[in-house]
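Subject: Handing over a structure, with notes on what was found

Dear colleague,

I am passing on to you the structure shown just below, and I would ask you to keep it open while you read. The notes after it go through what was found.

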Amino acid sequence: MAIYNILKEGDPALREKSKLVPKITPNIIKLIRNMLETMYDAEGVGLAAPQIGVLKRVIVIDVGDGPIVLVNPEIIEGQGEVTETEGCLSCPGLVGDVKRDKIVKVKGLNEKGEEVVIQGEDLLAIALQHEIDHLEGILFIDKATNLRKPE
Ligand code: NI
């Protein structure tokens, strides 16, 4: 296990588009475990592989209900609208309000390579959209209004 260094805004890797993972290999499983450890260590609710400089489509999330791992995640449905205050481990000391879909359905592979569909509402929906944005090189600050220091 290892804790990775989290890249900060300004690092060009955060602006790249990440690549599909063709196969769940032992290296991908190791990456997932280390990403989870890094996320928990940093007390974040989500982490995307490009944030640790690995340009692969892997995200991990835990909004308090246990870890969710998604490889090659893809939003297949979205509905409603919600605006919440967001932050990001790659943009420390900054929060802002972002408008997103209130409910999303996301398809992807789990750690075992099985296809899963996850439906998220509110915080989970926001985390899924935020992390999937990272895979496209998009940061929440690109979409946020009222960027400010957290209270
Ligand atoms: Ni983020």
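A salt bridge is counted here when a side-chain nitrogen of Lys or Arg lies within 4 Å of a carboxyl oxygen of Asp or Glu. Please bear in mind throughout that this is a predicted model.

**Salt bridges**

By that rule, Arg 100 and Asp 133 form a salt bridge, with 3.0 Å between the closest N and O atoms. This pair links distant parts of the chain, since Arg 100 belongs to strand 5 (residues 95-100) and Asp 133 to helix 2, 33 residues apart. Both partners are enclosed, in that Arg 100 is buried and Asp 133 is buried as well.

The count under the rule comes to 10 salt bridges. Another of them joins Glu 136 to Arg 57, whose closest N and O atoms are 2.5 Å apart. Glu 136 sits in the loop between helix 2 (123-135) and strand 8 (145-148), whereas Arg 57 sits in the loop between strand 1 (46-48) and strand 2 (58-61), so this salt bridge ties together parts that are 79 residues apart in sequence. The two ends differ in their setting: Glu 136 has a relative accessibility of 31% and therefore counts as partly exposed, while Arg 57, at 9%, counts as buried.

A further salt bridge brings together the side chains of Lys 102 and Asp 122, at 2.8 Å from N to O. Because Lys 102 lies in the loop between strand 5 and strand 6 (103-109) and Asp 122 in the loop between strand 7 (115-121) and helix 2, the pair ties together parts that are 20 residues apart in sequence. Here Lys 102 counts as partly exposed at 28% relative accessibility, and Asp 122, with a relative accessible area of 29%, is partly exposed too. Salt bridges that share partners also join Glu 86, Arg 100, Asp 133 and Lys 143 into one network, and Arg 100 and Asp 133 are the pair described at the start of this section.

**The sheet and the helices on it**

How are the five strands of the open sheet ordered? Their order is 1-2-3-6-7, and the pairing is antiparallel. Strand 1 and strand 7 are the edge strands, each of them pairing on one side only, and from one strand to the next the twist averages 40°. Between strand 6 and strand 7, which run antiparallel, there are seven bridges, and within this pairing Val 106 stands opposite Ile 118 in strand 7.

Two helices are found packing on this sheet. Helix 1 (residues 26-41) touches strand 1, strand 2 and strand 3 (68-79), and its direction makes about 40° with that of strand 2. Helix 2 touches strand 1, strand 2, strand 3, strand 6 and strand 7, and its direction makes about 155° with that of strand 2.

For a closer view of helix 1, you could look at Leu 36, which lies in that helix. With a relative accessible area of 14%, which is under the 20% limit, Leu 36 is buried. Apart from its neighbours within four places in sequence, Leu 36 is in contact with Val 60, Pro 67 and Val 69. Leu 36 and Ile 61 are 25 residues apart in sequence, and their C-alpha atoms are 8.0 Å apart in space.

**Strand 5 and its partners**

Is strand 5 largely enclosed or largely exposed? Five of its six residues are buried, so strand 5 is largely enclosed by the rest of the structure. Strand 5 is joined to strand 4 by five bridges, the two running antiparallel, and Thr 85 stands opposite Asp 97 in strand 5. Two bridges join strand 5 to strand 8, again antiparallel, and there the bridge partner of Asp 97 is Thr 145 in strand 8.

**The largest pocket**

The volume of the largest pocket is about 300 Å³. It is lined by 17 residues, of which Val 45, Glu 86, Gly 87, Leu 123 and His 130 are the closest to its centre. Strand 4 (82-86) and helix 2 are the elements that give two or more residues to this lining, and helix 2 provides the largest share, five residues. Glu 86 thus appears both by the centre of the pocket and in the salt-bridge network.

With best wishes

Terms used:
Residues are numbered from 1 along each chain as its sequence is written. This is a predicted model: local features need pLDDT of at least 70, side-chain atom pairs count only at pLDDT 80 or more; totals for chains, interfaces and linings use all residues. Side-chain values use heavy atoms; hydrogens and water are left out. Helices (H or I, at least four residues) and strands (E, at least two) are DSSP runs, numbered from the N terminus. Buried means under 20% relative accessible area, exposed over 50%, partly exposed in between (1.4 Å probe, protein chains only). Two strands pair if DSSP finds at least two bridges between them. Axes are lines fitted to C-alpha atoms, for helices over the stretch in contact, and angles run from 0 to 180 degrees between N-to-C directions. Contact means heavy atoms within 4.5 Å. On a 1 Å grid over the protein atoms alone, a cavity is a set of points where a 1.4 Å probe fits but cannot get out, and a pocket is an open set with protein on both sides within 12 Å along at least five of seven lines; lining residues have an atom within 4 Å of a point. Grid points are joined across faces, edges and corners, and a volume is the space filled by probe spheres set on the points.
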